[in-house]
Structure formats: structure tokens, C-alpha cells
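Hi,

Here is the structure I said I would pass on. Could you have a look at it and then read my notes below?

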Amino acid sequence: MASTLASTGVPILPHHHILDLGAGYGGPARHLARTFGCRVTCLNLSLVQNERNQALNRAAKLTHLIDVVEGSFESFPREVVEKAPFDIVWSQDSFLHSSDREKVIAEIDRALTHFSSGRVIFTDIMASRDAFEKQPALMKLMMDRLALTSLGAVEPYTQAYVSLGFVNWGYWDGVANFGVHYQKVAEELERARRGKKMKGLDEAVVEKQAMGMRNWIRAAEKGCVDWGIFCFGR
């Protein structure tokens, strides 16, 4: 993702301000801040993840570059709105948890600078065009597990941004890497379980995570998943 940002034609500079939506534990934010010296605002709903993010930022001595804000990317809190406009809006695999992606896009449009340097770069786990027809039981299983009401798709995302005046700077199709990634994560999880490195964690929770990964792997093998990097600009 960071290399994709750098290849979009406008360099990431120290004066740039990036908004990371669904920032989780803040790994990408720390990488961006450390690599480019830019400011990053993390917007994330989970208090537990935010507290861990802040602790890791302190340990990395990056608190002067990274802010962590609790809130939803479907309705930006005042603290984020007051920091706008942002030069870049960034997100990794978070929008699948939204029940109203058009609202998310509208919030991004509102917060992003209207100068030509404004960019939106994100990844999302999406359903392939005929996924629900090919594998209805598997897709329902995955949707129910994550309490999802829908999944995004490449064409609707593209149409939504273009309708707001964004320029489509390209879509990198990385679905071939999706199943490989989850397979490696599943193997690491199983290795940790066997080595008893997950002491103290509820085995039922761990098994639920493992089952979720296996379902995504199956979906990828059956051609039910799309995944890639979107890039839109002003």
C-alpha cells in the first residue's frame, strides 16, 4: 500500500496529512509517519484497539506525528472534521464493515482537500460479481459470522467516486494474493496454537478466528472474492 501511494505521481511529503480510516492497531500509520515524516490521523471505532495504538505510538516515539480519534467513518466526529482538509485518505480492509458505503464516500469527499494533490487509496474485501449465485451457503456463512449486511464490489465503488468528480487513477487487482495471505495467517495461527503461545486466550475465540480464515480461503479458491487497491484523485 505505501509503495502504491508513492507511485501515484504525487510524492508523500512531510507536510502531508493522511487520514487513516478504520486504523485498527495503527501499523500502517506508524509506517507512513516513520517512512515519510508525514502526519497521520487514525479514525477507529474500537476503544481497545485505539488504546493499544496509542501505546505503540508512544513506544515508537511517534506521538508528535500520529493522532488517534475514536469514531465511525460513516460519520466523522468533530475532532476529525476540524483537522480537515486532508491530503490523502487511506484505508485497509475496513469498509467491508460498513452498512452504508455511499455515506463513507460522502464523508471522504467532504474531508479531502480539493487541490489536485488530494488522493483516496484503499483496499477492501469484496464479493465477485456472481459470488452469491455460485456459493450462496458459503457467502451467507461469512456474512453472518461478521454480521455484514452487504459486501462492496469494484464497479459500484468506481462509479460512486467518479460521480463525485474523482478521477479513477487505477485499480490494482490483487485477488491472487488474497488467498495466499490468509493461508499464511492461518498457518501462523495454527503454529502458535500448537506451540501454546496463545496461553490465556479463549480457545473458542481462537477457533472462531481460524474458521473465519478458512472460510475466506475457500471463498478465494472458488472465485467468490475480489480484492485490490483503489486509487482516486481530484
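Before the pockets, one term: helices and strands here are DSSP runs, numbered from the N terminus, with at least four residues for a helix and at least two for a strand. Also keep in mind that this is a predicted model.

Pockets first. The largest one holds about 1300 Å³ of space. It is lined by 42 residues, and those closest to its centre are Gln49, Gln92, Asp93, Ser94 and His97. Which elements supply at least two residues each to that lining? On the helix side they are helix 2 (27-36), helix 9 (175-194) and helix 10 (203-221). On the strand side they are strand 2 (39-44), strand 4 (88-92), strand 5 (119-127) and strand 7 (225-233). Helix 9 has the largest share, with five residues. If you care about chemical character, the lining splits into 20 polar, 18 nonpolar and four charged residues.

The second largest pocket comes out at about 200 Å³. Arg101, Glu102, Ile105, Pro156 and Tyr157 are the closest to its centre, out of 13 lining residues. Two or more residues come from each of helix 5 (101-111) and helix 8 (154-163), and helix 8 gives the most, with four. By class, this lining has six nonpolar, four polar and three charged residues.

Now back to strand 2, one of the elements in the lining of the largest pocket. Is strand 2 largely enclosed or largely open? Five of its six residues are buried, so strand 2 is largely enclosed by the rest of the structure. For that count, buried means under 20% relative accessible area.

Its pairing goes like this:

- With strand 1 (residues 17-21), strand 2 pairs in the parallel sense over five bridges. Within that pairing, Arg39 of strand 2 is the bridge partner of His17.
- With strand 3 (residues 66-70), strand 2 also pairs in the parallel sense, again over five bridges. Here Asn44 has Glu70 of strand 3 as its bridge partner.

The connections are worth tracing too. Strand 1, helix 2 and strand 2 form a right-handed β-α-β unit. Strand 2 then goes on through helix 3 (residues 47-59) to strand 3, and these three make a right-handed β-α-β unit as well. Helix 2, from the former unit, is also among the elements that give at least two residues to the lining of the largest pocket.

That's what I have for now.

Cheers

Technical notes:
Residues numbered from 1 in each chain as written. Predicted model: local features only at pLDDT ≥ 70, side-chain atom pairs only at ≥ 80, totals over all residues. Heavy atoms only, no water. 1 Å grid on protein atoms, 1.4 Å probe; cavity = no way out; pocket = protein on both sides within 12 Å on 5 of 7 lines; lining within 4 Å. Points joined across faces, edges and corners; volume = space filled by probe spheres on them. Nonpolar A, V, L, I, M, F, W, Y, C, P; charged D, E, K, R; others polar. Buried < 20%, exposed > 50% of the residue type's maximum accessible area, 1.4 Å probe, protein only. Pairing = 2+ DSSP bridges. Right-handed = clockwise from strand over helix to strand, strands pointing away.
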